[in-house]
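Visitor: I would like a close look at a single part of this protein, taken slowly. Could you choose one helix and take me through its surroundings?

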Amino acid sequence: MVQLSRICFRKYGNFIDNLRLYVRGGSGGMGLPRLGGQGGNGGDVWVVAAKNMTLKRIKDKYPQKRFLGGAGANSSVRALKGEKGEDKEILAPVGITVTTDKGKTLGDLNTEGDRLMVAKGGFGGSMHSAFQPSKGQVRNIRLDLKLIADLGLVGYPNAGKSSLLTALSNATPEIANYAFTTLKPEIGKLMYKDYKQISVADLPGLIEGAHLNKGMGHKFLKHVERTKQLLFVVDVCGFQLANNTPFRSAFEAVQLLTKELELYKEELVLKPALLVVNKMDLPDAEGKLEELKEQLQNPDEFSDLLPDDMIPKNYLNFRHVVPVSASTGFGIEHLKSCIRESLDEDAEMATKTNSVVSVKSSARVEPHCESSLVWSEDVIKI
């Protein structure tokens, strides 16, 4: 057990999704009273989104975590207008939210090249300030990483999310039969024959009470915010986290996951969602699947299975419900098709919404699945 704990700590320690930094704008330069010269302004401190950057790389490169803008040049006989101090840039990963220590959001950096000033340099001395310069802005900021991915895997520990990601993509997350296998987010890429790529984030497993920051609560839930769609993953035969916790069926797991998202941030459940029913290679899987189908079609009739305070306000209507076996490969290709279809549908709708001029397309558009349960027609063979 001690050895396992050390392994878990080391693996999580290699991933950083929050970093606190000290930033200070440069001081302005002195003015020159006898000639009315103006000192240069101090340099500003910026956070800039850059490709292939990580918070761990920032921490390793700048262990003091201090970033200072350059001081403005003094006014002189040779240069009455002093030069501005050098700006300081902090290269950070895409998907950063910058906040103050008090929790005030300064801005988001969602695309490569986005820039945000976090500490302004002081003004140079001039006749308006009796030629005395001002100091630069000083503050502590936090860089909070929220992964940006097309799909976010949502599921309880040991539902098979890591195995599913491996079967779908090129990612190689750790896979084992103990509960918290995934201790840090993993990003995988789904590759299609037409070279289309879809990113999928495997996030640490939730537990009941995650909205209260139990388990890995907020470390997981904050990453869900920036995924375009959600991919729920449940064990067809249900699961039990520990001996002292209740057993949850697949239906209960779906609703409890929905409620956890709802309690953390209600708009999360408005995201388009798909449901993967995993481990179809287990005994009695077909019978459990039929039971789940009936329950999802009429969730109100089975709400008594849930604790009163964990019944969702609104039951999710999944665009697709796909039974798979990540270990045998059953249903994986069909799932990839459903994922592609769902994302393409949203992309098409976004294009129509953002288009100023509506252009009628002569191309034939294949019908997409409506926001209702769509079950795979694949024959399940155990």
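Guide: Please keep in mind that this is a predicted model. Let us begin where two helices meet: the axes of helix 3 and helix 7 come within 10 Å of each other and cross at roughly 85°. Because an angle from 65 to 115 degrees counts as roughly perpendicular, helix 3 is described as roughly perpendicular to helix 7. The residues that form this contact divide into 6 nonpolar and 1 charged, with no polar residue among them. On the side of helix 3 they are Leu-164, Ala-167 and Leu-168, and these meet Ile-332, Leu-335, Lys-336 and Ile-339 in helix 7.

Turning to helix 3 itself, which spans residues 161-168, we find that its buried residues are Lys-161, Ser-162, Leu-164, Leu-165 and Leu-168. Seen down the helix axis, these buried residues fall within an arc of 160°, so they line one face of helix 3. Helix 7 (332-354) is one of the elements against which they pack, and the others are strand 9 (149-154), strand 10 (186-191), strand 11 (197-202), strand 12 (227-235) and strand 13 (273-278).

Just before the helix, in the loop between strand 9 and helix 3, lies Tyr-156, which pairs with Phe-239 in the loop between strand 12 and helix 5, 83 residues apart. The centres of their rings are 4.9 Å apart and the planes stand at 25°, so the pair is stacked. Both Tyr-156 and Phe-239 are buried.

Key: Residues numbered from 1 in each chain as written. Predicted model: local features only at pLDDT ≥ 70, side-chain atom pairs only at ≥ 80, totals over all residues. Heavy atoms only, no water. Buried < 20%, exposed > 50% of the residue type's maximum accessible area, 1.4 Å probe, protein only. Helix = DSSP H or I, 4+ residues; strand = E, 2+ residues; numbered from the N terminus. Arc of directions from axis to C-beta. Contact = heavy atoms within 4.5 Å. Axes fitted to C-alpha atoms, helices over the stretch in contact; angles between N-to-C directions. Parallel < 35°, antiparallel > 145°, perpendicular 65-115°, else oblique. Nonpolar A, V, L, I, M, F, W, Y, C, P; charged D, E, K, R; others polar. Phe/Tyr/Trp six-rings, centres within 6.5 Å; stacked < 30°, edge-to-face > 60°.
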